[in-house]
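Grab a coffee and open the viewer. Here are a few short exercises, each with a worked solution to follow along with.

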Amino acid sequence: MAKEVKKSVLYIYGTKEDGNTRRRSYHNLVNNVDAEKLSAFGKIIGELSGEETQDIEIVETSMVKD
């Protein structure tokens with residue numbers, strides 16, 4: 001029986017003290033979590049890093065495994 005597997009990657013873009021942009025990535029997050037919760041997680045990580053969050057990008061992929 002085929003099974004669909006969904007994976008998410010969260011990219012957080014923040015501004016460092018020197019003004020440069022830093023991109024952090026978090027791969028293989030929990031399956032079937034909606035974008036709203038992932039975005040909230042990204043905001044928390046941004047706050048904990050002490051950097052100003054510019055943008056949060058969520059990439060979801062799915063594949064079917066036999």
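For the charge exercise, Lys and Arg count as positive and Asp and Glu as negative, while His and the chain ends are left out. Each charge is placed at NZ of Lys, CZ of Arg, CG of Asp or CD of Glu. Keep in mind that this is a predicted model.

**Exercise 1. Find how far apart the mean positions of the positive and negative charges lie.**

Step 1: Count the charges by the rule above: the protein has 10 positive and 12 negative ones.
Step 2: Take the mean position of each group; the two means sit 7 Å apart.

**Exercise 2. Work out the order of helix and strands along the sequence.**

Step 1: Tally the elements, and you get 1 helix and 3 strands.
Step 2: Walk along the sequence, and the pattern reads β-β-α-β.

**Exercise 3. Compare the radius of gyration with that of a compact globule of 66 residues.**

Step 1: A compact globule of 66 residues would come in near 11 Å.
Step 2: The protein itself has 14 Å.
Step 3: Now look at the C-alpha trace, which spans about 50 × 20 × 15 Å along its principal axes.
Step 4: For the interior, note that buried residues make up 21% of the 66.
Step 5: For the outside, the protein exposes about 5100 Å², with carbon and sulfur atoms supplying 46% of that.

**Exercise 4. Describe the aromatic pair and say which parts of the chain the pair links.**

Step 1: The structure holds 1 aromatic pair, made by Tyr 26 and Phe 41.
Step 2: The ring centres are 6.0 Å apart and the planes make an angle of 80°. Planes over 60 degrees apart count as edge-to-face, so this pair is edge-to-face.
Step 3: Tyr 26 belongs to strand β2 (residues 21-26) and Phe 41 to helix α1 (residues 35-49), so the pair links distant parts of the chain, 15 residues apart.
Step 4: Check the cover: Tyr 26 has a relative accessible area of 25% and Phe 41 has 34%. Partly exposed runs between the 20% and 50% cut-offs, so both rings' residues are partly exposed.

**Exercise 5. Decide whether Ser 8 is buried or exposed, and list its contacts.**

Step 1: Locate Ser 8 in strand β1 (residues 3-15).
Step 2: Its relative accessible area is 5%, so Ser 8 is buried, the cut-off being under 20%.
Step 3: Skip the neighbours within four places in sequence, and Ser 8 is in contact with Tyr 26, His 27, Asn 28, Leu 29, Leu 38, Val 59 and Glu 60.

Technical notes. Residues are numbered from 1 along each chain as its sequence is written. This is a predicted model: local features need pLDDT of at least 70, side-chain atom pairs count only at pLDDT 80 or more; totals for chains, interfaces and linings use all residues. Side-chain values use heavy atoms; hydrogens and water are left out. Rings of Phe, Tyr and Trp (its six-membered ring) pair if their centres lie within 6.5 Å; planes under 30 degrees apart count as stacked, over 60 as edge-to-face and the rest as tilted. Helices (H or I, at least four residues) and strands (E, at least two) are DSSP runs, numbered from the N terminus. Buried means under 20% relative accessible area, exposed over 50%, partly exposed in between (1.4 Å probe, protein chains only). The radius of gyration is taken over C-alpha atoms; the globule rule is 2.2 Å times the number of residues to the power 0.38. Accessible areas come from the Shrake-Rupley method with a 1.4 Å probe; for residues, only the protein chains shown count as cover. Contact means heavy atoms within 4.5 Å.
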